[in-house]
Structure formats: structure tokens, C-alpha cells
Amino acid sequence: MWTQVARNAPIAVGAVATVGCAVVGAAVLRAVAWGRANKTAASAALQGGAQQQPQATEEELAERCARKLAAVIRHKTVTGNFEAFAALRDELRALFPLVHLHMTLELVEERNLMYTWKGSNPQLSPVVLHAHQDVVPVTDETLEEWKYPPFDGTIADGFVWGRGALDDKGSLVSIMEACEMLLAKGFSPIRTLILVSDSAEETTMAGGKAMATLMRQRGVAPAAFLDEGCMVLRGLPLTNHDAVALVGVAEKSVLNVRLEARATGGHSSCPPPSTSVGVLARAITRIEATPMPLHWQHMQRTIRSLGGNAPFSLRLLFGNAWLFSWLLARVCCKIPSMNASCRTTFAVTMCTGSPAHNVMPETATANVNVRMLPGDTPSIVAQHIRRAIADPRVRVELLVEDACPATISSTESAFYRNLCECIQHHFGRDMPTAAALGVAGSDSRNWQDMCPCTYRFSPYVLDQADLTLFHGINERLSCQQLGRMSAFYESLITGWCNQHLCERKF
């Protein structure tokens, strides 16, 4: 999902990290057997009345998708709640019988879902769509602030309420509903379609790594990959229009840095000139006061891709960044979202110190979450932090040294052009689209090195204020948008898997 997004973000999310985690062969065999069992159950469901139905109206589609999303939200798929993931699989099998009848389901490392819809031309590389199953937890302290309980899946006021509605079960339901509709219409893809769903995207992304590893072991490289991330945002100063569709073509990669300060400990009644907590606090202050250099190329790409839809002032400033860099730097200091799009950022997220109020700890630690621009590396970041701190009493340790370099996907491919065409078809012919840099994170990081057309876009429209709903209180998604999301994915699957794209060279 996406993860936490800056409130004023003109560029929506994502970060790239490492791949790995081999898949155990025996688990895959069990998964295939489970998938075959699903086909039998789905066939029985069809015989029981799940027949082809006439084309639904927009209202009927929205209502149907809302009911299905509500059912999916009721499964509390927080990492570690294994029973909930098993129950969700059964729920999906009941909600989408045609998908489970015609597509092959594999369970990768028990809880990660991989559906394959074989195309008629096996010579063509498959396309992959991803939406994760897991959600972030809800703290007990915030329960009373929710208008409706976060795991009840309440449909009210034109919305489906609950944890995961936006991030990312709304996309999961919409993608599967799109496949269900296409199967009911008798659609047969030329290019193979693969649906993947990570069970740990919000934590370790181990499921995404495992599924990507399995694809590599099979010698399969996707032709295109679509994940959550960017979206249609209203109220941005990037365009002369009311809204702009941001399509993520790259993500910042993630690195965690541990700071450890040591000093004399003991009873707080006799403190030394500097405690470990004081040393650590000064180190943090110096890091925050010494940001990484600004780079304009990613915002320049976004402005260029908007063309005449961008205000003249922005085109002038970013088109001549060499001249106006001083002015752009001042703007970056005031707008966190723009700052995040133009430099590698540091955020102190976790600190530890004394176990008691009257004890001076010998060691104090802090975690710095780093989001690296494409081009920066862990060694460059570590060198910058050590120079900024300039204190031998503070140890700097890279917790993730293998953060893979970010790649930038093509905006010239037929897949990208078709994605933009689908956006304009469902969100308005005059909807401007822009190639963007994701500043948060998604599972696409596990696939980008083997797929040159890796994109990040969730087909819903949000206001700036709505961005606080991600991982926040009263997370919700409108029923109307759910229907449009399913229609969007139906168009995208048809385009990416059908003849007019399959005949082109990439």
C-alpha cells in the first residue's frame, strides 16, 4: 500500500528495496493442490446458481463491490493473525467463484496468493497486478474516535468504512471483481495475467519477495507490473485542472540507520556534563539541520509530462532550475511533500533510553528512517550522517545495507500509454496524467529489477485531506469509486492482455 503519505503530497508514494527469500518447493506443491480444490468448490458454487448475469449498471456494480469489500474488511488480516488470512482466502473463494474456477491459485509460503490466468499465446511475457491482503493494526486508544468499528465493514453514508478500505483491500476486491466480470463475459486473454497478493506488505514484504523469487526461479519476467501508490489527486498546484492523475514510474528506496550514543550511566542525582540521551539528542538535531542535497530531475520529469497542463510559472522555474535553484530551495523548505520529492530525507522514528525516571542510561538509541532518491546509496547516506553528527561517541549502523538502487520505468512503452488511456477513459478525457516519483513504499520494489514497465497507480480520486485516512482513523472508500475502480481494472486487463498491445514490440 501503500504506506504513510505526506498530507500535501503532489507526488504519491513508494521505495525500492531488496529481493530474495527462496520459495520452498513443498509449500508450492501444497499450494497447487489447494488451488485445485478451489476449482472443485467454485464449480459447485456455479452449479448452485452463480450463473452469468447481464451487464450491471454503475449503481449495481458499485453496490456489489461495496458488499464484497465490506466482507473482506471483516477479516482482521493484521500480520501474525494467521487464522484471519485463512478465513479471507475462503471468503475470496466464495465471493469470486469464476476466478477460482478458471484461474490457478498457488499459495506461496502459505499465505501469499498468486492467481494465474493463462493466455492463448505462451510466447508473450505475462503482466502482473498486485494488491496486498494485510492491513496495519488499530490501536485501542483510537477506537472511540472511529465513526464505525474499524473491522465491522460498515456500509453507510455512501462509503465502506474500515481498516484496509483504501490500503489496499479496495484494490484487491476491484481487481478480482474485474476478472470475475471478464470471465462472465467470456473474455480470453492473449497474454497471461497474474494476480499477486502479499500478506506482509505493511511489515517485511516477505511475501512479495517470495513471489518475485518464485517467478525468477521459473525464468518468468513480467512484461508489465502494476501496484498501489499514486492516484488521482485534487487541489494540487501542479496543474491548471482541478485534479491530476499521478502515475508512479519510480520509488524512493528505504534504509534504516541506527544511532547509538554511549556515556556514563548511574543515578540521576549525580549527572555528568553529558548523558547518553543528551549526546543522542544533539546528534539528532545535527542530522535534521544538515539535509541531503536537493535534486530537481524528478520534479522536472513530472512537470514535463504535464506539458501545457502545468502552470507557466512551474514550467519556467523547473525548466530553468539552474537559475532559480535558490527560489526552489526556499519553497522546498516550506512544503514537506515537495522536499520529499527532491532530496533523500531523514525521519527519526524510534528512540530508547532509560528504563526508569531516575536512571541515566549508559546507552541511548534512535532509528532514522531514510528515503533515498534514485542515485543515492547507503554508503553515501552513512557518510553524510557521520559528517553531520561529527561525534565519535555516536555509533552509526546501517540496518539495511542491501537497499537496491531505484529504477525508473519507461513512459514510452505501450503499457504506460494504455494505462494513461484507461485513466482518461474512466476519469475524464481532459484528465492530465503525470509521471511521478513515489515517496512511500510498495511491493513493486521486489519486481522492478526484472520488469522494465513497473508502475504504481490506484484508480481512485482523493482530496489532500483524504490522505490522512491511510493508516489513519475512519479509513473509508466511497461505493461509487469502488464501481469505477472495477471498471478501470477491467479496461486495463483487456488492454494489457488483448491483441492491440500484444502485437506491439516493447
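Author: Happy to start with a term: two strands count as paired if DSSP finds at least two bridges between them. Keep in mind that the model here is predicted.

Reader: Then what makes strand S3 (residues 127-130) and S7 a pair?

Author: Pairing needs at least two bridges, and S3 and S7 have 3 bridges in the parallel sense, so the two strands qualify as a pair. One of the matches is Val 127, whose bridge partner in S7 is Ala 224.

Reader: How do you know that S7 and strand S16 (residues 454-462) pair?

Author: By the same test: at least two bridges are required, and S7 and S16 share 6, in the parallel sense. The two therefore pair. Phe 225, for instance, has Thr 454 in S16 as its bridge partner.

Reader: And which way do S7 and strand S8 (residues 243-251) run?

Author: They run antiparallel, joined by 3 bridges. Leu 233 stands opposite Val 244 in S8.

Reader: Why is strand S7 (residues 224-234) called mostly covered?

Author: A residue is buried when its relative accessible area is under 20%. In S7, 10 of the 11 residues are buried, so the strand is described as mostly covered. For the chain as a whole, 57% of the 506 residues count as buried.

Reader: Let's turn to another sheet. What makes S4 and S17 the edge strands?

Author: The sheet is open, with 3 strands in the order S4-S5-S17 and antiparallel pairing. Strand S4 (154-156) and strand S17 (476-478) each pair on one side only, and that is what makes them the edges. From one strand to the next, the twist averages 25°.

Reader: How do you know that strand S5 (residues 159-161) pairs with S17?

Author: There are 3 bridges between them, running antiparallel, and the requirement is at least two, so they pair. Phe 159 has Ser 478 as its bridge partner in S17.

Reader: Which helices pack on this sheet?

Author: Helix H5 (residues 165-184) packs there, touching S5 and S17, and its direction makes about 45° with that of S17. Helix H14 (residues 479-497) packs on the sheet too, touching S4, S5 and S17, with its direction at about 70° to that of S17. Touching rests on contact, which means heavy atoms within 4.5 Å.

Reader: One last thing: among contacts between residues at least 6 apart in sequence, what percentage join residues at least 24 apart?

Author: The figure is 83%. The chain's secondary structure comes to 15 helices and 17 strands.

Note on methods: Residues are numbered from 1 along each chain as its sequence is written. This is a predicted model: local features need pLDDT of at least 70, side-chain atom pairs count only at pLDDT 80 or more; totals for chains, interfaces and linings use all residues. Side-chain values use heavy atoms; hydrogens and water are left out. Helices (H or I, at least four residues) and strands (E, at least two) are DSSP runs, numbered from the N terminus. Buried means under 20% relative accessible area, exposed over 50%, partly exposed in between (1.4 Å probe, protein chains only). Axes are lines fitted to C-alpha atoms, for helices over the stretch in contact, and angles run from 0 to 180 degrees between N-to-C directions.
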